[in-house]
Amino acid sequence: SSDLSSSVIGAYLCLSFERHITISNSGIMAFIIVCLTVLFLKQESILAIVLLGAYYFSISFISSSMTAGIVMNSDESSRGALLSVYSMIGFLGAMMGPILVGLALDWSGGSSNITAWKFALFTMSLGSIIVFLVQRWALQKVRS
């Protein structure tokens, strides 16, 4: 249900506001949520869990917003190809993400080390920073 609500909200906001700004702001917000989670990881476990839920919501929001953008801005003759390439990139991220997070855990102390989990969370947030940067670049291209 969280996926559905983030998808609906993402689509609505992308239709109501400039899509690149909405998605880039979501990317930076996801990064900020991870930074806050790292700060509260050991002290307030309930707060960390709530923040991780917000992070999951923001990632679903970004994904659905980007998918809606592809559907809205592509012509029918190439839409299927664009969506398949987008899906392949997403599947690549889904495949590489756990490997990178596992490496971050291993290289920074192991899964029982709180500092290692902080590095793992930061590793997860790098995708959000990439989304932010790509969307800001795309916004500049659209405006010029």
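1. A starting point for the surface numbers: accessible areas here come from the Shrake-Rupley method with a 1.4 Å probe. On that basis, the protein chain exposes about 8,900 Å², and carbon and sulfur atoms supply 72% of that area. Please keep in mind that this is a predicted model.

2. Now the overall fold. The protein chain contains five helices and zero strands, so its pattern, read along the sequence, is α-α-α-α-α. Along its principal axes, the C-alpha trace spans about 50 × 35 × 25 Å.

3. On packing, the chain has 144 residues, of which buried residues make up 31%. Take the contacts between residues at least 6 apart in sequence: 64% of these join residues at least 24 apart.

4. A word on charge. The protein chain carries 7 positive and 6 negative side chains. The centres of these two sets lie 9 Å apart.

5. You may like to look at one nonpolar surface patch of about 710 Å². Its makers are Leu92, Met95, Met96, Ile99, Leu100, Leu103 and Trp107. Colouring these residues in your viewer will bring the patch into view.

6. Finally, one member of that patch, Leu92. Where is Leu92 placed? Leu92 sits in helix H4, which covers residues 76-107. Is Leu92 buried or partly exposed? Leu92 has 48% relative accessibility, so Leu92 counts as partly exposed; the exposed class requires over 50% and the buried class under 20%.

Terms used: Residues numbered from 1 in each chain as written. Predicted model: local features only at pLDDT ≥ 70, side-chain atom pairs only at ≥ 80, totals over all residues. Heavy atoms only, no water. Helix = DSSP H or I, 4+ residues; strand = E, 2+ residues; numbered from the N terminus. Buried < 20%, exposed > 50% of the residue type's maximum accessible area, 1.4 Å probe, protein only. Contact = heavy atoms within 4.5 Å. Lys, Arg positive; Asp, Glu negative; His and termini not counted. Charge placed at Lys NZ, Arg CZ, Asp CG, Glu CD. Patch = residues over 30% accessible without salt bridge, like charges linked within 9 Å, V, L, I, M, F, W, Y side chains within 5 Å. Salt bridge = Lys/Arg side-chain N within 4 Å of Asp/Glu carboxyl O.
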